[in-house]
Structure formats: structure tokens, C-alpha cells
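Opening the notebook on this one. I want to go through the sheets, the helix packing and the cores, one entry at a time.

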Amino acid sequence: MLLDTENAGTPPSRVTARHVEYLIVAALVALTMVLLFAMGFFSHAAAETIAEKTEGKPQRFAGFVRPNDMGTGALLFPSKEPGAFVEAPRLATDVVIDVNGPIARTRVTQRFQNPSKGWVEGTYVFPLPENSAVDTLKMQIGNRFIEGEIKAREEARKVYEQAKAEGKKTALLEQQRPNIFTNQVANIGPGETIVVQIEYQSSVHQSGGTFSLRFPMVVAPRYNPDPIVRTVDLDPNSGYAVNDPVPDRDKITAPVLDPAENAKINPVTLTVNLKAGFPLGTVTSPFHETDTQTVDDMARTISLKSGSVPADKDFELNWTASAGKTPHAGLFRETMNGKTYLLGFVTPPADDAAATETRPKREVIFVIDNSGSMAGKSIEQARESLALAISKLQPEDRFNVIRFDDTMTVHFPSLVQATPDKREDAIAFVRALTADGGTEMLPALEAALRTQGSVEPGALRQVVFLTDGAIGNEEQLFTEISNNRGDARVFTVGIGSAPNTHFMTKAAEIGRGTFTLIGSEDQVAARMGELFDKLENPVMTDIVVTFDGTNAQDITPNPMPDLYRGEPVVLTAELDGATPAGKLQITGKTGSQPWRLEMDVAKASEGAGIAKLWARRKIDDMDATGYMVNDRAALDKQIETVALAHHLVSRVTSLVAVDVTPSRPAGEPVASTDLPLNLPAGWDFGKVLGERTPQALPEGQRKASLETGEEQAMLIADRMAAAPTARAAGLIAQAGSQVNLPQTATLADRHILIGLMLIAIALMAATTFSLWRWQLRGLILEARHRVR
């Protein structure tokens with residue numbers, strides 16, 4: 001017991017519990033104000049210290065900025081420094097496509113601009129056509145161009161990493177899929193713009209008298225199934241084996257902007273110089289507004305009407321010949337390294353006799369993707385397309401409908417007759433579908449190929465897949481189609497603004513079917529009408545290509561697929577010798593009648609880039625049949641040999657460019673960032689990426705960017721105009737994605753704050769204890785006073 005003997009005779013003032021509470025609250029408020037003042041003071045002091053240290057000197061803090069420092073909209077990534085961000089590289093792309101007859105040569109110029117005060121490395125995931133033969137990489141440094149070299153993939157990666165570590169500007173182009181590539185550019189200095197140029201060769205597509213090309217602008221987010229863990233017997237113990245269907249999932253995944261939170265980025269300008277080789281009829285672009293200038297009756301120049309567009313949907317150009325001028329055959333050749341390379345196409349005539357034959361019964365299994373990536377316009381197009389297809393069935397046909405997301409439903413227990421009531425039942429089922437969930441395609445494909453029973457005698461089994469193909473486990477699906485297709489034909493219908501055309505095209509090729517693309521609601525009736533014509537019966541089967549009088553080493557594709565109405569035989573071949581000779585012979589059956597055609601190799605027209613197209617298709621054939629090869633190392637070596645000989649990027653080869661002069665000072669850190677992508681037009685962000693919370697800038701910054709996007713775009717375009725051939729314009733905005741950057745500043749301010757917090761806790765404890773003593777002392781004195 002504590003007693004105050006000196007003041008024992010003096011009555012104390014009464015101290016109540018409420019007084020104690022008031023005092024404690026007052027003390028806490030005062031301490032909180034002190035802490036807030038200290039935090040602001042020390043944070044500001046730390047920032048000023050960094051600024052003082054770096055003023056007039058090379059930036060050593062990876063270009064850290066604060067949102068309030070930004071005068072315009074920008075793409076900021078959070079850093080490890082509290083309250084600090086790094087401004088990411090900006091990207092603008094210029095595309096020029098030169099079409100000469102059946103061959104297209106495309107030049108893609110990417111400008112990486114670093115608006116920050118630090119050194120950065122940017123990684124950009126971008127698409128190219130699935131049949132593109134990428135052979136050129138150039139990097140521009142000032143007025144100098146550095147040509148990329150083709151190397152084995154691992155060797156190219158080592159060269160790039162070494163150059164990056166040495167502070168040299170360097171670029172690395174890698175193929176992740178035949179239609180997905182990554183471009184890494186390292187050591188982009190403060191305020192610098194690095195220009196990287198890519199060139200590739202491709203062939204023009206022809207179907208039903210319409211010629212077309214497609215330039216993909218955005219990689220749609222892919223659904224990647226989880227790795228499969230299986231128990232295996234190991235001697236002497238049991239263990240686990242992990243099979244990952246998408247081992248490179250990190251390579252094909254990029255941050256995606258939520259369009260509700262951010263203006264669109266990555267502006268693209270595009271020009272097509274079209275020389276068709278025949279008098280032109282119509283020239284149209286279904287997804288973009290264009291300006292067309294007539295050069296002559298066989299040539300046009302097409303450009304985007306708006307000058308530039310955000311990279312959020314694929315560009316497509318279609319053209320036809322003037323009435324009666326559509327070519328039905330063509331043969332082109334190129335001589336290189338003592339060999340002759342051929343590109344040929346032949347459109348078989350429609351067989352009227354075959355058309356009058358009895359229509360075969362069909363067994364059609366429709367598979368529709370209703371996963372989250374199909375949300376929005378895509379599911380509407382898919383529902384309308386499938387309802388139309390079901391309504392066209394005849395009563396003697398049999399059919400079923402399978403829908404899938406991360407679950408699966410087989411509508412009928414087995415194939416049913418296409419009677420009116422069954423068709424109406426199935427159409428009602430289809431129209432009720434909504435899009436959500438993951439894209440587990442393999443179980444649905446297995447159900448379509450394995451569980452629908454055997455084919456009835458005389459019937460034609462067809463599997464029609466309606467999907468955007470937004471998956472990463474393509475090889476797993478190709479293997480399933482090849483191993484279990486049986487007598488069925490697999491037809492793919494690509495849906496949406498940015499479908500995975502590599503998967504769709506190759507799946508149809510392996511399945512001996514055909515690929516149909518529907519990019520908008522306006523195309524549903526016409527494109528599905530074309531598909532119905534193809535589903536009725538192949539125009540040509542049992543196709544064989546041979547050469548007489550010359551030795552052909554390789555003919556692609558191998559084997560030749562069936563042909564459907566309006567589709568040509570398109571082949572490439574490598575012949576021995578630089579002097580073309582001999583005959584190209586194509587045989588097959590139209591209906592039940594034999595068909596044959598001969599073409600003189602010596603009369604083939606000269607063409608450029610045919611050798612690269614042959615090599616690209618040869619590599620595709622080897623990759624497509626890779627599942628049948630036990631020695632994968634030997635297969636990779638064969639692909640590497642072809643790719644290196646023709647200077648092509650492939651799964652096992654890459655292009656790397658290195659500037660020999662170091663530019664980043666020793667000791668300066670370099671921050672790595674993944675350049676984000678727009679969400680494909682028509683997609684629903686919440687359905688696809690809703691589980692990922694996008695991190696955006698403060699509301700004031702975001703709103704300013706959205707309201708002044710056009711002005712900012714002009715500003716960015718002006719800044720980029722200094723780069724040769726730069727015509728960049730578009731919308732640059734902020735987005736959210738976490739990037740781990742190096743810790744470069746000291747933690748002195750944090751240590752001081754922690755110390756202040758500990759002092760505050762100690763003061764609070766001491767104050768509470770003193771108040772308790774004061775109250776106790778008062779109670780004791782009051783008791784004594786009463787006793788007296």
C-alpha cells in the first residue's frame with residue numbers, strides 16, 4: 001500500500017474513473033498527432049534526401065516516382081519502396097504488310113519508350129499469324145541498326161542475359177507458341193525510345209473465292225489447366241509424378257487491363273500494300289474502318305481510317321477477284337542454296353455429279369464453349385451459330401450437344417435423331433447457356449470422340465467445336481484428336497475478336513476437317529452457311545501429291561487434308577537442284593469420281609520467301625506429330641537444323657540482337673516489367689480475370705487519364721515522332737500489376753518510425769500506471785479522512 005505521509009491531513013480532490021478515461025484518450029490523441037507529423041516529416045525528408053542525392057546524377061533508384069509527381073496519365077507499377085512506383089515502358093506498333101499474289105511480307109515496328117528516370121527491361125507478349133515464318137529482328141540505337149542473329153534457344157538466352165548484365169542494349173525474340181511470341185528489350189535508359197523491328201513471311205488464305213489475311217493484335221488470356229499429380233511406384237518407396245499440361249504458363253501470361261478502370265493502350269498503325277496478281281473486285285475489312293486507295297485494277301493501298309487503333313482485336317482484310325477472274329491454279333518457285341522451293345495452289349472444280357448423289361446421313365456432335373472467356377459478344381455469337389446449325393439438321397441425321405466450362409454437360413444420354421422436338425429441345429438448351437468459369441476443354445473433347453458410340457454404316461461422323469480456343473494446353477488436345485478421332489472429322493469454329501487461331505487451325509487439320517472464323521454477329525449467317533456447305537460432304541478426298549521427272553525431298557502438309565467446297569489444295573515442296581524441271585501431279589477423288597491435274601514446274605512464276613514458308617510448314621508438321629516420337633531430343637535437333645538453315649524463329653531457336661557498346665553505367669539497377677495488354681474487344685473482364693484484383697492509380701489520376709486520353713495520345717505520339725518511321729498514336733493509360741523491384745534506398749525513416757512507436761507505447765504505459773497510482777492514492781486519503 002502506498003501512502004503519502006507528508007499530505008496525509010489534506011483532503012484530496014475526488015478522481016473518478018471517467019476522469020481517468022478522459023486523460024487516457026487525450027494522451028492517445030496527442031501521441032497520434034505526434035506520430036502522424038513524424039511520419040510525414042520523415043517520409044518527406046527521405047524523399048528529399050533521395051532527390052538531393054540524385055539531382056544532376058544518374059538515377060540509382062530504378063526511376064521511383066509518386067502519383068502526385070505525374071503530370072500526365074502513365075502506367076505505374078508498385079515497387080517495394082513504400083508509396084513509390086516505377087513508370088513502365090510504353091509501347092506503340094507500326095505494321096506494314098506487302099501482299100504479292102499468294103505471299104505476304106509483314107514488317108512490325110515496336111517502339112519501347114521508357115518515360116522513367118531509371119533503367120528498365122520490358123517484356124511484351126504479342127501474337128502473330130500461326131503460319132508466320134519470322135526471320136528478321138533489328139534493333140535501332142540512335143541512327144544505327146543492329147541485326148539479330150538466329151541461335152539455338154538456350155544459347156540466345158545466355159547471350160541476352162550476358163549482354164543485359166554488362167549494361168548493353170539487347171533484344172530477344174522467342175516463340176512460345178506458333179502464334180505467340182515474346183520480345184524482351186533490356187537496358188532502356190531514362191527517357192529513351194528503343195525501336196525493334198520484326199519481319200515475317202506468310203501465305204494468303206483462300207476459301208470460296210475469297211482471299212484474306214489476318215493480323216492478330218492481342219494475345220487473349222489463356223486458361224491453363226492445373227498440373228496433374230499422380231502416385232507412382234518407385235523402388236523401394238512410392239512417390240508422386242507431376243505432369244504439367246502447360247509447362248510454359250508463365251511465358252504466355254501477361255497482365256491484362258480492366259477496361260472499366262483504364263483507358264486502352266498499345267496503339268497500332270497499319271498499312272496493307274495489296275498486289276493481288278489478278279483484277280480486284282471487292283476489298284473489305286470487317287472489324288476496322290479503313291481508307292482504300294486504288295493504284296491500278298490489280299493493286300490497292302489500305303490503311304486505318306483513324307490512323308491508329310488500340311491493340312484489342314484482330315485486323316482482317318478480305319478481297320475477291322472481279323467477275324470471272326478468280327484464279328483456280330497457281331505455281332510459284334524460288335531457288336536458294338542449290339535447291340528449288342515450290343508454292344502451289346489448285347482449286348478443284350465443283351463436281352455436279354457428286355452433288356446429285358444421295359446425301360449421306362450425318363452424325364454431328366456439337367461442342368460449345370461457355371467458359372468465362374466467352375462472356376459478352378462471344379457467347380451471343382456462339383449461341384446464335386449453334387442454334388442455326390441445329391436447325392439445319394435433317395430428321396435422318398443424329399446429333400448431340402456438349403457444353404463445357406470447368407464442368408461439362410452432355411445434353412442427351414447418347415446421339416438422338418434430329419426430329420423437330422429434339423432440335424427444339426437442344427436449341428432451348430443452347431439459348432439458356434451463360435458464360436462463366438474456366439476452360440477445361442479436354443474432358444469435353446474426350447466425351448465427343450470416345451463416348452458417343454460407333455458410327456452407323458453409311459453415316460458421316462462430324463465433331464463441330466465452337467470456341468475462342470483460349471487455352472494453353474494445345475499439345476494435349478492435339479494428341480487427343482489424333483489418337484481418338486477414328487472415322488470422325490473435326491471442324492472448328494473460332495468465335496470472338498481474338499481467337500487462338502493456332503489451336504483452331506491445327507485441330508481442324510489433324511481432324512481432317514476445316515476451320516471457320518466468326519468475328520462478329522454480322523458474320524454468323526454467312527460463315528455458318530459456308531460451314532453447312534462443307535459439312536454436307538468433302539469436295540475432294542484421298543489427295544496425293546507427287547512429282548514426275550524430279551526428286552522432291554519434302555512436301556507439306558503431310559498428310560494432305562480433305563478439301564471442302566471452295567477450298568484449294570495449298571502445298572509447298574523442296575526439290576533437288578537449282579534448275580526447275582519435271583511435273584507436279586495432284587490426284588484425288590471428287591465424290592466417287594477420280595480427279596487428276598498436272599502442272600509444269602519449269603513454268604512456275606518467280607516468287608520471294610517461298611523457301612521460308614516451306615521451312616515454317618515443315619517445322620509445323622514435325623511439331624504436330626511430336627507426340628508420336630519417343631526421342632524428343634532428336635526431334636528438337638531436326639527442327640533446330642531446319643530453323644537455323646532458314647534463319648527462322650521456332651520452338652527451339654530464337655533471334656537475339658546485342659549492341660556492343662555498354663550504355664547502362666556499372667552499378668545502376670535495371671527494373672524488369674511485363675508490358676500489359678488490353679482485354680480483347682467484347683470480353684468481360686470480371687468473367688475472365690475477376691479473381692485478380694487490378695491495382696489502379698488514385699481516382700484523380702485515373703479520371704484525368706480517361707478524360708484527356710486523346711490529348712495524352714498526341715503528346716506520346718509527338719515524343720515518339722523522333723524515332724525514324726514512327727507514326728505512333730493512341731491511348732496510353734495507367735494500369736495495375738505488381739513488379740518486384742530492387743530495394744535501393746536505406747530504411748532509416750522506417751527505423752525512426754518504429755522507434756517513435758515504441759516510445760509512444762512506453763509513454764502510454766507510464767501514463768496509465770501514474771493515473772492508476774493517482775486514483776488509488778486519492779481513495780486511500782479519502783478513507784482516512786472519513787475515519788477521522
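**Entry 1: a strand pair to start with.** I began at isoleucine 150, which sits across from leucine 655 in E38. The model is predicted, so I keep that in mind throughout. The strands involved are E9 and E38 (residues 653-662), an antiparallel pair with 4 bridges.

Next I asked what order the strands take in the open sheet of 6. I read it as E9-E38-E10-E11-E6-E39, and the pairing is mixed. E9 (149-152) and E39 (670-674) are the edges; each has a single partner strand, so one side of each has no neighbour in the sheet. On average, neighbouring strands here are turned by 20° against each other, ignoring direction.

I also looked for what lies across this sheet. Helix H2 (residues 153-165) does, covering E6 (119-127), E9, E10 (168-177), E11 (180-188) and E38. Against E10, H2 runs at about 150°.

**Entry 2: the sheet of 4.** I then pulled up another open sheet, ordered E13-E14-E22-E18, with antiparallel pairing. Its edge strands are E13 (205-207) and E18 (280-284), each pairing on one side only. From one strand to the next, the twist averages 25°.

Inside it, I checked E14 (residues 210-215) against E22 (residues 315-321): antiparallel, 6 bridges. Leucine 213 has leucine 317 in E22 as its bridge partner.

**Entry 3: strand E17.** Is E17 (residues 267-275) enclosed or open? I count it as largely enclosed by the rest of the structure, because 7 of its 9 residues are buried.

I went through its pairings in turn:

- With E4 (residues 90-100), E17 pairs in the parallel sense over 8 bridges; threonine 93 has valine 268 in E17 as its bridge partner.
- With E20 (residues 299-304), E17 runs antiparallel and shares 5 bridges; leucine 274 stands opposite arginine 300 in E20.
- With E21 (residues 309-310), E17 runs antiparallel and shares 2 bridges; proline 267 faces proline 310 in E21.

**Entry 4: the cores.** Which members of the largest nonpolar core touch the most other members? I got Val99, Leu173, Phe215, Val272, Phe315 and Trp319, out of 59 residues. Apart from that core lies another, of 35 residues, with Ile379, Leu386, Phe429 and Val524 among them.

I took valine 99 for a closer look, skipping its neighbours within four places in sequence. That leaves contacts with Ala104, Val204, Leu213, Val272, Asn273, Leu274, Lys275 and Trp319. Leu213 is the residue I had already met as the bridge partner of leucine 317, and Leu274 is the one opposite arginine 300. As a background reminder to myself, nonpolar side chains tend to be buried together in soluble globular proteins.

**Entry 5: helix H8.** Then I went to H8 (residues 501-510). This helix is largely enclosed by the rest of the structure, since 8 of its 10 residues are buried. The buried ones are Thr501, His502, Phe503, Met504, Lys506, Ala507, Ala508 and Ile510. I noted Lys506 in that list, with the cut-off for buried being under 20% relative accessible area.

What do the buried residues of H8 pack against? I found the helices H6 (441-450), H7 (474-484) and H10, plus the strands E29 (459-467), E30 (489-495) and E31 (515-518). Just after H8, arginine 512 takes a positive phi of about 55°.

**Entry 6: H10 on H11.** H10 turned up in the last entry, so I checked how it packs with H11; the angle and distance between the axes describe such a pair. H10 (residues 610-624) and H11 (residues 632-645) pack at about 175°, and their axes are 10 Å apart. The two helices are therefore roughly antiparallel.

From H10, the residues meeting H11 are Trp614, Ala615, Ile619, Met622 and Asp623. On the H11 side I have Leu635, Gln638, Ile639, Val642 and Ala643. By class, this contact has 8 nonpolar, 1 polar and 1 charged residues.

**Entry 7: whole-chain numbers.** Last, I took the totals. The protein chain has 15 helices and 39 strands. Of its 788 residues, 52% count as buried. For contacts between residues at least 6 apart in sequence, 75% join residues at least 24 apart.

Methods:
Residues numbered from 1 in each chain as written. Predicted model: local features only at pLDDT ≥ 70, side-chain atom pairs only at ≥ 80, totals over all residues. Heavy atoms only, no water. Core = buried A, V, L, I, M, F, W, Y, C linked by side-chain atoms within 4.5 Å. Buried < 20%, exposed > 50% of the residue type's maximum accessible area, 1.4 Å probe, protein only. Contact = heavy atoms within 4.5 Å. Axes fitted to C-alpha atoms, helices over the stretch in contact; angles between N-to-C directions. Parallel < 35°, antiparallel > 145°, perpendicular 65-115°, else oblique. Nonpolar A, V, L, I, M, F, W, Y, C, P; charged D, E, K, R; others polar. Pairing = 2+ DSSP bridges.
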